[in-house]
Amino acid sequence: MFEQVKHNLETIDGVTIFPILSLLIFFFFFVGLGIWVFSYKKEKIDELSQMPLKDNQTV
């Protein structure tokens, strides 16, 4: 089955760019996510971590 898929993909012009693009999207997404996580303020993280423990209050 893999041989059929491989043969079909080889007949498409410019198909070699798709793995590169998907790797770049994957890489930049997780780098951006890491930057966002590490730049988050500690006070906000503490506030969000206490939310499940608080009484039912309207926001």
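Me: Happy to look at this one together! In what order do the elements of the chain run from the N terminus on?

Reply: Glad to help, and please keep in mind that this is a predicted model. The secondary structure of the chain comes to 3 helices and 0 strands. Read from the N terminus on, the elements therefore run α-α-α.

Me: Is the chain compact or spread out, and what is its radius of gyration?

Reply: Along its principal axes, the C-alpha trace spans about 60 × 25 × 15 Å. For 59 residues the globule rule gives 10 Å, and the chain is well over that, so it is more spread out than a compact globule. Its radius of gyration is 22 Å.

Me: What percentage of the residues count as buried?

Reply: To count as buried, a residue needs a relative accessible area under 20%. The accessible surface of the chain comes to about 6100 Å², and 69% of this belongs to carbon and sulfur atoms. Of the 59 residues, the share that counts as buried is 2%.

Me: Which element gives the most residues to the nonpolar patch on the surface?

Reply: The patch has about 1300 Å² of accessible area together, and its members include Leu23, Phe26, Trp36, Ile45 and Met51. Two elements, α2 (17-38) and α3 (42-50), each give two or more residues to it. Trp36, for one, lies in helix α2. With 8 residues, the element that gives the most is α2.

Me: How many salt bridges does a search of the whole structure find?

Reply: Side chains of opposite charge can pair when their charged atoms come close. This chain has 5 positive and 7 negative side chains, with the centres of the two sets 11 Å apart. A search of the whole structure finds salt bridges numbering 2.

Me: Which residue meets Asp46 in a salt bridge?

Reply: The partner sits in helix α3 along with Asp46, 4 residues away, or about one turn of the helix. Asp46 is partly exposed at a relative accessible area of 36%, while its partner is exposed at 57%. The two side chains meet at 3.7 Å, N to O, and the partner is Lys42.

Me: And how far apart are the closest N and O atoms of Lys44 and Glu47?

Reply: These residues are 3 apart in helix α3, so about one helical turn separates them. Lys44 is partly exposed, with a relative accessible area of 34%, and Glu47 is partly exposed too, with 42%. A salt bridge counts when the nitrogen is within 4 Å of the carboxyl oxygen. In this pair, the closest N and O atoms are separated by 3.9 Å.

Me: Is Lys41 buried or exposed?

Reply: Lys41 is placed in the loop between α2 and α3. Its C-alpha atom is 30 Å from that of Leu23, which is 18 residues away along the chain. The cut-off for this class is over 50% relative accessible area. At 59%, Lys41 therefore counts as exposed.

Me: One last residue: how far apart in space are Ser49 and Phe28, C-alpha to C-alpha?

Reply: Ser49 is found in helix α3 and is partly exposed, with a relative accessible area of 40%. Along the sequence, Ser49 and Phe28 are 21 residues apart. In space, their C-alpha atoms are separated by 27 Å.

Definitions and conventions:
Residues are numbered from 1 along each chain as its sequence is written. This is a predicted model: local features need pLDDT of at least 70, side-chain atom pairs count only at pLDDT 80 or more; totals for chains, interfaces and linings use all residues. Side-chain values use heavy atoms; hydrogens and water are left out. Patches are made of residues with over 30% relative accessible area and no salt bridge: like charges are joined within 9 Å, nonpolar side chains (Val, Leu, Ile, Met, Phe, Trp, Tyr) within 5 Å. Accessible areas come from the Shrake-Rupley method with a 1.4 Å probe; for residues, only the protein chains shown count as cover. The radius of gyration is taken over C-alpha atoms; the globule rule is 2.2 Å times the number of residues to the power 0.38. Buried means under 20% relative accessible area, exposed over 50%, partly exposed in between (1.4 Å probe, protein chains only). Lys and Arg count as positive and Asp and Glu as negative; His and the chain ends are not counted. The place of a charge is taken as NZ of Lys, CZ of Arg, CG of Asp or CD of Glu.
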